Amino acid sequence: MINAATPLQGLLISVCVPTFKRAHLLPRLFAALEKQKCPEGTRFEILVVDNDPARSAEPVVLEQARKIIVPLHYISEPVQGFANVRNRIIDEAGGRWMAWVDDDEYPSNLWLSALVDAWRATAADVVFGPVVRVYSKRLPKWIIKSKILEGPRLSDGPVSPASVGAGNFFCEKRLFGKYNVRFSQDFNAGGEDSDLFVRIYSAGARFIACKDAVVFEELSEDRTRVTWWLRRAFRGGYNHARIHGLGNQRASIRYFAGALVKVMILSGLSIPAVLL
């Protein structure tokens with residue numbers, strides 16, 4: 001039984017970073033990772049897997065590897081696709097534990113320690129942390145106040161696949177062998193994380209959330225555009241139907257309808273009460 005008394009001496013955590021043409025954001029992530037407060041006895045490495053066939057992240061990673069004290073490794077996965085890059089990470093990670101963070105995010109100083117502490121306290125299969133949006137100063141204040149661009153709010157305790165994603169999660173590497181799963185190449189264009197989490201959750205995996213394991217995501221301007229939300233609406237509804245089956249059409253429609261509300265607000269067709 002894994003608990004707070006489980007010895008940690010010498011255990012390695014692989015911080016897993018899939019990236020694609022966002023090399024300019026990586027130094028910010030590495031700087032935040034250097035400040036991590038890990039549980040005593042643990043150590044961590046940073047594994048960057050670049051899904052750009054042109055290897056655009058390589059010079060940045062190699063330069064940063066000379067500057068930071070945390071071991072930093074670069075791997076190229078030239079076959080494009082979300083599932084491909086995540087599966088390559090599973091293959092290459094050297095740690096017993098895997099802490100996943102996206103290339104456009106950066107963690108709070110207590111991120112790793114909070115994830116490990118929650119995992120030890122609960123023996124959950126997967127621990128998820130919140131992804132907190134950071135907005136551009138150029139974004140109108142009424143959009144920020146409306147909170148229409150906020151992600152799910154996570155509190156400590158059990159959580160379902162509907163409320164989580166791969167931008168901030170923690171597990172043992174052996175999880176993928178335990179449930180005999182990989183990220184499905186059927187979802188190489190997106191939705192690969194939802195598909196995998198639904199499959200292992202349905203197989204009995206325990207999911208918990210840890211509200212203190214925060215990462216921050218700077219909201220790029222393209223994600224405030226109507227066209228982006230329309231694409232997200234169609235993709236989200238389509239993937240939901242593929243994952244859950246056509247018998248759950250109502251939930252798929254809900255995904256599409258929620259995004260359409262955002263489209264209306266961002267188009268200026270609907271003014272939220274917060275403006276009054």
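Which residues are buried in helix α3 (residues 82–92)? The points below take up this question together with the sheets, the cores and the surroundings of a few individual residues.

1. The coordinates come from a predicted model, and the remarks that follow should be read with that in mind. In the protein chain, the secondary structure comes to 9 helices and 11 strands. Buried residues make up 53% of the 276 residues in the chain, while the chain exposes about 13,600 Å², of which carbon and sulfur atoms supply 54%. Among contacts with a separation of 6 or more, residues 24 or more positions apart account for 81%.

2. To answer the opening question, the buried residues of α3 are Ala83, Asn84, Val85, Arg86, Asn87, Ile89 and Ile90. These residues pack against three strands and two helices, namely β1, β2, β4, α6 and α7. Arg86, which is found in this helix, counts as buried because its relative accessible area is 7%, and the cut-off for burial is under 20%. Leaving aside neighbours within four places in sequence, Arg86 is in contact with Pro18, Trp100, Asp102, Ala166, Phe183 and Glu192.

3. Gly190 belongs to the loop between α6 (175–178) and α7 (192–202). With a relative accessibility of 10%, Gly190 also counts as buried. Although Gly190 and Phe82 are 108 residues apart in sequence, their C-alpha atoms are 6.3 Å apart in space.

4. One open sheet is formed by 8 strands in the order β3-β2-β1-β4-β9-β6-β10-β8, with mixed pairing. Its edges are held by β3 and β8 (157–158), and because each has a single partner strand, one side of each is left without a neighbour in the sheet. At the β8 edge, the pairing with β10 (residues 207–209) is antiparallel and extends over 2 bridges, with Ala209 of β10 as the bridge partner of Gly157.

5. Within this sheet, β9 (168–172) deserves separate attention. As 5 of the 5 residues of β9 are buried, the strand is largely enclosed by the rest of the structure. Both of its faces are covered, with Asn168, Phe170 and Glu172 buried on one side and Phe169 and Cys171 buried on the other. β9 runs antiparallel to β4, to which it is joined by 5 bridges, and Asn168 is the bridge partner of Val101. The pairing of β6 with β9 is likewise antiparallel, here through 3 bridges, and Cys171 is the bridge partner of Val126.

6. The largest nonpolar core has 36 residues, of which Phe30, Ile46, Trp111 and Phe170 touch the most other members. At least two residues of this core are supplied by each of β1 (12–19), α1 (26–34), β2 (43–50), α2 (58–65), β3 (72–76), β4 (97–101) and α4 (111–122). The largest share, 7 residues, comes from α4. Another core lies apart from it and has 30 residues, including Ile89, Ile90, Phe169 and Tyr179. Helix α4 lies across β1, β2, β4, β6 (126–128), β9 and β10, and runs at about 130° to β4.

7. In α2, the residues Val60, Val61 and Gln64 are buried. Viewed down the axis of α2, the buried residues fall within an arc of 95°, so they line one face of the helix. Their cover includes α1, β2 and β3. Phe30 fits into this picture through its contacts: not counting residues up to four places away in sequence, it touches Ile46, Val48, Val61, Gln64, Ile68 and Leu72.

8. A second open sheet should be noted, formed by 3 strands in the order β5-β11-β7, again with mixed pairing. Its edge strands are β5 (105–107) and β7 (131–134), each of which pairs on one side only. The twist averages 30° from one strand to the next. β7 and β11 (residues 215–218) pair in the parallel sense over 4 bridges, and Arg133 stands opposite Glu217 in β11. Helix α1 lies across β5 and β11, running at about 10° to β5.

Definitions and conventions: Residues numbered from 1 in each chain as written. Predicted model: local features only at pLDDT ≥ 70, side-chain atom pairs only at ≥ 80, totals over all residues. Heavy atoms only, no water. Buried < 20%, exposed > 50% of the residue type's maximum accessible area, 1.4 Å probe, protein only. Core = buried A, V, L, I, M, F, W, Y, C linked by side-chain atoms within 4.5 Å. Contact = heavy atoms within 4.5 Å. Arc of directions from axis to C-beta. Pairing = 2+ DSSP bridges. Axes fitted to C-alpha atoms, helices over the stretch in contact; angles between N-to-C directions. Areas by Shrake-Rupley, 256 points an atom, 1.4 Å probe, with all protein chains shown as cover.
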